[in-house]
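Work through the exercises below with the structure open beside you. Try each task before reading its solution.

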Amino acid sequence: MGNLKETFVTPLLKGNPITVLVLGICSSLAVTVELKGALVMALSVTIVTGLSSLVCSLLRNTIPNRVRIIIQLVVVSLMVILVDQFLKAFEATYAIDKSLSVYIGLIITNCIVMGRIEAFALGNKPFPSLVDGIASGMGYGAILIIVAFFRELLGSGTLFGLQVIPQALYDAGYVNNGLVILPPFALILLGCIIWVHRSIDKELQEK
Amino acid sequence: MNTNSNAYTVIYTTIVVVLVAAILAFVSQKLGPMQAANEKAETVSQILTAAGFGEKEHWAEIGNKATLDFYKENIESSILVDIDAQQVGNLDGSAAQVYSTSQLKAQNYNIKDGSSLQLPVYQFKNKVMVFPVYGAGLWGPVWGYIAVADDFKTIVGAYFDHEGETPGLGGKIKDDPSFRAQFAGKVIDLSDEKPFSIVKGGAPEGKANAVDAVTGATMTSKGLDAAINTWVAAYGKTLLSGEAVNAFVEAVNECTDTTAVKEVLEETLKTVEE
């Protein structure tokens, strides 16, 4: 059981896909303008990594080695397309899916998904693989939400679309920062998060 | 069992792919109608936003059904016209039937290569007329809806959308309310060489048929400019005939006896023929 706990906690902290493995950077720059989008993206990736790892782990002894990447891709694409189709079908998520545009589809190419399947699911039993997949998705999602929090607050003055910076401040001359909306700022913010993470966790520092 | 033999590999991949395809086909079949309903409600909400019935967020708040109901209540007629302003079809307003983005795309090709057109005109009960525009932005298509008042010239509102313009730059055509707000009160001037302009660096003072482009999004602004002018040209005769009818009605109203009405009628017929 202790092993399973470690499987779950590692991708969240010591093996965080974004801050330690530095995977999935592209989409984390693109979908973090608003918290709502980041949250949906985080959930989508978590579902995709979890289910893909589960299915690939179930198939791990039958997959022909020469075509294993292709089989993994087919499984991952299936999950991604399913998530996309469901998001499009429901009224509540339709608008968010629209604003995330291509990035839901691009989860297929998110290195975290394939990375966890290759590194973990193919060598482990289904349940630990599911846990690892979900935890990796959550580790990715957590960073996404932190970045989106700062970007939406500083860039639009809102959180989840609700105005939090009072109008009085705007009247006094405060303006939303346009740079924060653009992808380069997400990269700067990510750098800061990695910096903080490394200074707290001494084990991550190179000698 | 040898999982590395050729036969095993071929059979295995075939089974996996067929299975996945079957799952996807099944899901797409089941969810298709729901997705289509969402897309339709989105289009209707864009048309209503352009026509000035409410902000875009309002329609998201009240939900799909209420949005469609509002449209059905307020639509006077929704017809299809060709380049000569002849009615060539009908959209069922009571079912909130509207042109989808892919249908606009098809019509855009027809405009470009000069084939016969079926362009939608949405006429609301409050005399506002809405027509779509469609064209190419920087990364993908841009489209929108322009609402004109009953003089067929004055714009009362507009709404634009895009597939993948850069957020914060080209994306502003949709996200920045102040860009859209510029359109209200401007006019479409068909006598001008360019009926409507989106001007980089700011519209000249006093020019009634121009708005400022989006800063940092030259290509998107140019694309939208081209989309508007291409489609306004295609709707040109529809707009002009609307104006002609207005002028005719006004002239008839001023008449005091039947001979005067006859004169006006003859004169109008003459100009129409010309």
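The exercises that follow concern a predicted model, and each one is solved in steps.

**Exercise 1. The contact between the chains**

Task: Find how many residues each chain gives to the contact and how much area chain B and chain A bury between them.

Solution:
- Step 1. Count the residues on each side: 28 come from chain B and 24 from chain A.
- Step 2. Take the area: about 2,300 Å² is buried between chain B and chain A. Carbon and sulfur atoms account for 66% of this area.
- Step 3. Look for the residues that supply most on the side of chain B. B:Tyr12, B:Gln35 and B:Asn38 provide 22% of the area that chain B buries against chain A, more than any other three residues.

**Exercise 2. Polar pairs and elements at the interface**

Task: Count the polar contacts and salt bridges between chain B and chain A, then identify the element of chain B that gives the most residues to the side touching chain A.

Solution:
- Step 1. Across the interface, 10 residue pairs are in polar contact.
- Step 2. The salt bridges between chain B and chain A number two.
- Step 3. On the side of chain B that touches chain A, two or more residues come from each of helix 1 (6-50) and helix 2 (56-74) of chain B.
- Step 4. Helix 1 of chain B contributes 18 residues to that side, which is the most.

**Exercise 3. A salt bridge that joins two chains**

Task: Describe the salt bridge between B:Asp161 and A:Lys98, and say whether each partner is buried or partly exposed.

Solution:
- Step 1. Take the distance: the closest N and O atoms of B:Asp161 and A:Lys98 are 2.4 Å apart. A salt bridge needs such atoms within 4 Å.
- Step 2. Judge the cover of B:Asp161. With a relative accessible area of 1%, B:Asp161 is buried, because buried means under 20%.
- Step 3. Do this for A:Lys98, which has a relative accessible area of 25% and is partly exposed.
- Step 4. Widen the view: A:Lys98, B:Glu42, B:Lys56 and B:Asp161 are linked in a network of salt bridges.

**Exercise 4. Salt bridges within a chain**

Task: Examine the pair A:Lys88 and A:Asp97 and the pair B:Asp69 and B:Lys65, and give the accessibility of each residue.

Solution:
- Step 1. In chain A, the side chains of A:Lys88 and A:Asp97 form a salt bridge at 3.7 Å, N to O.
- Step 2. A:Lys88 is partly exposed at 26% relative accessibility, whereas A:Asp97 is buried at 5%.
- Step 3. In chain B, B:Asp69 and B:Lys65 form a salt bridge whose closest N and O atoms are 3.0 Å apart.
- Step 4. B:Asp69 and B:Lys65 are four residues apart in helix 2 of chain B, so about one helical turn separates them.
- Step 5. B:Asp69 has 28% relative accessibility and is partly exposed, while B:Lys65 has 63% and is exposed.
- Step 6. For the whole structure, the search finds 14 salt bridges over all chains.

**Exercise 5. Positive phi values**

Task: Say where B:Ala96 and B:Phe152 lie and what their phi values are.

Solution:
- Step 1. Recall the background: most residues other than glycine have a negative phi.
- Step 2. B:Ala96 has a phi near 55°, which is positive. B:Ala96 sits in the loop between strand 2 (87-90) and helix 3 (101-113) of chain B, and is buried at 0% relative accessibility.
- Step 3. B:Phe152 has a positive phi near 60°. The loop that holds B:Phe152 runs between strand 5 (141-148) and strand 6 (155-162) of chain B. At 15% relative accessibility, B:Phe152 is buried.

**Exercise 6. A buried serine and a surface patch**

Task: List the contacts of A:Ser52 beyond four places in sequence, then name the members of the nonpolar patch that includes A:Met138.

Solution:
- Step 1. A:Ser52 belongs to helix 3 (residues 35-59) of chain A and is buried, with a relative accessible area of 0%.
- Step 2. Neighbours within four places left aside, A:Ser52 contacts A:Val75, A:Val76, A:Met79, A:Val113 and A:Ile117.
- Step 3. A:Met138 is in helix 8 (residues 126-156) of chain A and is partly exposed at 35% relative accessibility.
- Step 4. A:Phe8, A:Val9, A:Leu13 and A:Met138 make up the nonpolar surface patch, with about 310 Å² of accessible area together.

Technical notes:
Residues numbered from 1 in each chain as written. Chains lettered and ligands numbered in written order. Predicted model: local features only at pLDDT ≥ 70, side-chain atom pairs only at ≥ 80, totals over all residues. Heavy atoms only, no water. Patch = residues over 30% accessible without salt bridge, like charges linked within 9 Å, V, L, I, M, F, W, Y side chains within 5 Å. Areas by Shrake-Rupley, 256 points an atom, 1.4 Å probe, with all protein chains shown as cover. Buried < 20%, exposed > 50% of the residue type's maximum accessible area, 1.4 Å probe, protein only. Contact = heavy atoms within 4.5 Å. Buried area = accessible area lost by both parts, 1.4 Å probe. Polar contact = N/O pair within 3.5 Å; in protein donor to acceptor, adjacent residues only side chain to side chain.
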